[in-house]
Amino acid sequence: MNKCIAWTPLALFVSGYALAVPAGQDTISRGEYLARAGDCIACHTSNPAQPFAGGLKMSTPVGAIYSTNITPDKQTGIGNYSYEDFVKAVRQGISKSGDTLYPAMPYPSFAKISDQDMHDLYQYFMKGVKPVVQQNKASDIPWPLSMRWPLGLWRRMFTDDKRYQPVEGKSAQWQRGAYLVQGLGHCGACHTPRGMAYQEKAADQTDSAWLTGSALDGWYAPDLTGSQPDGLGRWSAQELSDYLKNGVNAHSSAFGPMSEVVSHSLSYLDQQDVDAIAEYLKSLPASHPDTTTPSAPIPDNSTAQALFKGDVSARGAADYLNNCSACHRSDGKGYDKTFPALAGNSALLSDDPSSVIHIILQGGQRAVTAQMPTGLTMPDFGWRLSDQQVADVATFIRQGWGNHASTVTPQQVAAIRNNLSPQTISAKPQ
């Protein structure tokens with residue numbers, strides 16, 4: 001959008017975001033599309049046979065909470081919610097009973113949803129979702145931490161109820177991407193650092209903390225700015241679009257919670273919306289713009305040569321050769337769109353190694369999409385590798401082939417292992 005355009009057309013453009021959903025859809029279909037964009041199913045579904053019926057356990061620093069039933073059942077769901085009740089819950093985090101919702105519900109982001117999109121979402125949840133009778137489950141947070149009134153103070157201190165406002169001088173595609181990332185996509189809920197009160201430190205690109213990466217429930221949601229080596233600085237807009245749509249590109253493969261986001265949400269979006277998100281994210285400057293910015297890894301063949309010669313003297317090399325090289329290869333380049341490369345992989349190079357540790361311990365499945373339906377699975381190695389061995393392998397892949405990242409310690413591995421479900425890892429090697 002050109003800067004010379006007057007404020008009146010600019011204001012009209014705000015309402016136009018609701019019209020950017022693929023044409024030809026009725027209100028309920030549009031609402032379903034928007035619910036996909038918001039990934040509502042991810043948090044509000046514990047049983048795939050009963051979507052949106054809630055019951056999913058979510059860990060917090062003070063205890064577990066459980067997502068609520070948002071089907072239109074009148075007894076246990078939101079069937080008795082008026083449109084105004086729905087808006088207060090989604091945008092302001094206030095339930096029909098007047099209680100403040102836990103900020104696991106990303107209402108600080110959803111406040112930016114346009115009025116038209118909110119109406120369409122309401123119509124979908126009331127008329128397009130099957131009612132399910134399932135009582136909501138109380139949290140495991142002990143009293144007095146379970147009292148709700150402090151959440152009301154938190155909400156007043158750290159949130160507002162402002163719709164998305166377009167940025168003058170930006171293209172229509174950039175605006176659409178910004179609207180999706182900041183609002184329905186609620187990307188900041190995972191990828192923006194949190195303060196002492198668990199508030200997101202930034203709400204949009206005007207703050208340098210925006211989307212610079214954050215630790216969350218044993219994973220590390222990476223930097224989405226133009227940083228190197230652990231951000232999107234080395235990715236083209238097309239590579240980013242490919243990743244968002246199918247969970248894989250030449251640089252990396254989605255895993256952990258991001259794999260689910262791709263499977264349940266991003267893969268369903270119209271290509272224009274995916275490209276808009278990519279354009280917006282690629283416009284974000286590096287989070288470390290000064291001369292201390294880490295440089296991109298420079299490919300180094302010495303690791304591959306050592307493994308090829310049978311030299312496993314490097315820390316973690318033997319365990320890598322025995323457990324990882326069949327898929328990721330001795331040169332760390334993997335197999336295109338099948339097994340991700342580890343050499344130069346930005347997901348490995350953040351200061352926080354939580355995600356690397358987590359996936360070695362627990363394994364994971366790649367996103368399942370229409371174009372990539374196989375859902376290849378990485379096995380878990382926590383049952384066969386000790387904390388020291390996991391730390392050694394993680395260090396090896398973070399420092400091999402030209403990668404440069406910090407050493408991983410057994411204590412870091414133990415901290416994550418101890419928080420995993422007992423069903424995830426059958427035994428801990430001694």
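Let me start with F52, which is buried, with a relative accessible area of 7%; buried here means under 20% relative accessible area, exposed means over 50%, and partly exposed lies in between, using a 1.4 Å probe and protein chains only. Before I go on, please keep in mind that this is a predicted model, in which local features need pLDDT of at least 70 and side-chain atom pairs count only at pLDDT 80 or more, while totals for chains, interfaces and linings use all residues. Residues are numbered from 1 along each chain as its sequence is written, and side-chain values use heavy atoms, with hydrogens and water left out.

What does F52 pair with? Rings of Phe, Tyr and Trp (for Trp, its six-membered ring) pair if their centres lie within 6.5 Å, and the pair counts as stacked if the planes are under 30 degrees apart, edge-to-face if over 60, and tilted for the rest. The count by this rule comes to 16 aromatic pairs. One of them is formed by F52 and F125, an edge-to-face pair with 5.2 Å from centre to centre and 80 degrees between the planes. Because F52 lies in the loop between α3 (40-43) and β1, and F125 in helix α6, this pair ties together parts that are 73 residues apart in sequence. When I name helices (H or I, at least four residues) and strands (E, at least two), I mean DSSP runs, numbered from the N terminus. F125, like its partner, counts as buried, at 3% relative accessibility.

A second pair is that of W174 and Y280, whose ring centres are 5.1 Å apart with the planes at 70 degrees, so this pair is edge-to-face. It links distant parts of the chain, with W174 in helix α8 (residues 172-182) and Y280 in helix α12 (residues 271-282), 106 residues apart, and both W174 and Y280 are buried. The ring of W174 also has the charged end of K170 sitting over it, 5.1 Å from its centre; the rule here is that NZ of Lys or CZ of Arg is within 6 Å of the ring centre and within 35 degrees of the ring normal. The charged end of R329 likewise sits over the ring of Y335, 5.2 Å from its centre.

Returning to F52 and F125, they belong to one aromatic cluster together with Y83, F86, Y122 and Y124. Y83 and F86 bring us to helix α4 (residues 83-92), since they are among its buried residues, along with D85, V87, A89, V90 and R91. The helix is mostly covered, with seven of its 10 residues buried, and what covers those buried residues includes α5 (107-110) and α6 (115-127), where contact means heavy atoms within 4.5 Å. After α4 comes G93, with a positive phi near 70 degrees.

Now to the strands: β1 (residues 57-60) and β2 (residues 63-66) pair in the antiparallel sense over four bridges, two strands being paired if DSSP finds at least two bridges between them. M58 has I65 in β2 as its bridge partner, and a hairpin joins β1 to β2 through two residues.

Lastly, the backbone. A cis peptide bond, with omega about 10 degrees, joins W143 and P144, and the bond from Q228 to P229 is also cis, with omega near 5 degrees. L211, although not a glycine, has a positive phi of about 60 degrees, and it is buried, with a relative accessible area of 0%. K337 is not a glycine either, and has a positive phi of about 60 degrees, but K337 is partly exposed, with a relative accessible area of 48%.
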